[in-house]
Amino acid sequence: MKRIGSILLLITLILGTALVVAVANTEKGAEEMTMVGGEKGDVWFPHRKHQDNLGDCKTCHDLFPQEAGTIQKMKAEGELKKKQVMNKKCLACHRKMKKAGEPTGPTSCNKCHNKK
Ligand code: HEC
Ligand code: HEC
Ligand code: HEC
């Protein structure tokens, strides 16, 4: 009986882990998104491309959680300064990689911002 008990426990653990992995995979968020860019206009952001390129979610999500609309909310509540994500994340990384001669994203205002 004891042995069957531990086998059942093992099966439960394996199934549980598989479920957690499956759920984690669906929570990668939108493949691409349009970010609010104030008076300069909206910003297109290919989320999945960055996830695939950078690997580590914390590269960006150490500054804001994995939640839709969180940047706007945090800016409104004063938890993020205006342009903080842009300067500390997007631009900082693109500039650094450009300097290093590596393929990267835009560094000029109107390549990111689309004034309509
Ligand atoms: C280059 C920066 C960057 C990286 C790296 C990144 N994200 Fe995001 N993520 C964002 C931005 C920007 C938002 C939008 C936040 C908002 O709407 O205010 C976001 C939003 C999300 C959301 C919620 C919105 C949605 O689309 O459902 C989830 C979930 C998410 N990210 C998961 C992840 C996971 C998982 C990883 C790692 C595999 C990751 N992100 C890596 C920048 C990034
Ligand atoms: C790599 C893409 C990128 C580039 C290049 C870029 N921006 Fe942004 N910008 C963003 C993103 C994303 C946001 C929204 C997040 C934030 O406020 O940090 C933003 C937000 C802004 C805002 C709105 C801030 C607010 O809350 O009202 C202004 C104004 C702005 N950018 C001006 C500029 C100017 C001027 C330049 C050129 C010097 C520039 N941006 C270059 C991505 C970019
Ligand atoms: C840690 C580094 C890093 C951060 C942070 C980052 N990027 Fe990028 N970005 C890249 C790299 C690398 C590429 C080149 C991807 C490719 O073409 O394969 C790229 C490409 C892009 C492109 C061009 C994609 C295309 O297909 O033309 C856009 C637009 C862009 N990034 C916007 C943003 C915005 C907006 C943010 C901030 C919310 C951001 N990036 C944050 C590294 C970064």
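Q: Before we get going, which residues count as nonpolar, which as charged and which as polar here?
A: Ala, Val, Leu, Ile, Met, Phe, Trp, Tyr, Cys and Pro count as nonpolar, Asp, Glu, Lys and Arg as charged, and the others, Gly among them, as polar. Keep in mind that this is a predicted model.

Q: Okay, so how does the shell around ligand 2 split by class?
A: That shell has 10 nonpolar, seven polar and four charged residues.

Q: And which residues come nearest to ligand 2?
A: Of the 21 residues around ligand 2, the nearest are Lys75, Met86, Cys109, Cys112 and His113.

Q: What does Lys75 do there, contact-wise?
A: An N or O atom in the side chain of Lys75 is 2.6 Å from an oxygen atom of ligand 2.

Q: Which backbone atoms get involved with ligand 2?
A: Lys83 has a backbone N or O atom 3.0 Å from an oxygen atom of ligand 2. For Gln84, a polar backbone atom is 3.3 Å from an oxygen atom of ligand 2.

Q: Which element gives the largest share of that shell?
A: That's α5, with six residues. Both α5 (84-99) and α6 (109-112) supply at least two residues each.

Q: Switching to ligand 3, who's nearest there?
A: Lys49, His50, Cys90, Cys93 and His94 come nearest, out of the 20 residues around ligand 3.

Q: How far are the polar side-chain atoms of Lys49, His50 and His94 from ligand 3?
A: For Lys49, a polar side-chain atom lies 2.4 Å from an oxygen atom of ligand 3. His50 has a polar side-chain atom 2.8 Å from a nitrogen atom of the ligand, and His94 has one 2.8 Å from a nitrogen atom too.

Q: Which elements give two or more residues to that shell?
A: β2 (42-45), α2, α3 and α5. The most comes from α5, with five residues.

Q: And the classes around ligand 3?
A: You get 12 nonpolar, six polar and two charged residues.

Q: What holds the iron atom of ligand 1?
A: His47 and His61 coordinate the iron atom, each through NE2, at 2.0 to 2.1 Å.

Q: Where do those two sit in the chain?
A: His47 is in helix α2 (residues 47-54) and His61 is in helix α3 (residues 58-61), so the pair ties together parts that are 14 residues apart in sequence.

Q: Why is the arrangement around that iron called octahedral?
A: Because the six donor atoms around the iron atom of ligand 1 subtend angles of 86 to 179 degrees.

Q: Last one: is His47 buried or exposed?
A: His47 counts as buried, because its relative accessibility is 11%, and buried means under 20%. His61, at 25% relative accessibility, counts as partly exposed.

Key. Residues are numbered from 1 along each chain as its sequence is written. Chains are lettered from A and ligands numbered from 1 in the order in which they are written. This is a predicted model: local features need pLDDT of at least 70, side-chain atom pairs count only at pLDDT 80 or more; totals for chains, interfaces and linings use all residues. Side-chain values use heavy atoms; hydrogens and water are left out. Donors are N, O and S atoms within 2.8 Å of the metal (3.2 Å for Na, K and Ca); water is not among the atoms, so sites may look incomplete. Four donors count as tetrahedral if all angles lie between 85 and 135 degrees; four count as square planar and six as octahedral if opposite donors are over 155 degrees apart and all others between 65 and 115; anything else is irregular. Helices (H or I, at least four residues) and strands (E, at least two) are DSSP runs, numbered from the N terminus. Buried means under 20% relative accessible area, exposed over 50%, partly exposed in between (1.4 Å probe, protein chains only). A residue is near a molecule or strand if one of its heavy atoms lies within 4 Å of it. A polar contact is a pair of N or O atoms within 3.5 Å; within protein, one must be able to donate a hydrogen and the other to accept it, and residues adjacent in sequence count only if both atoms are side-chain atoms.
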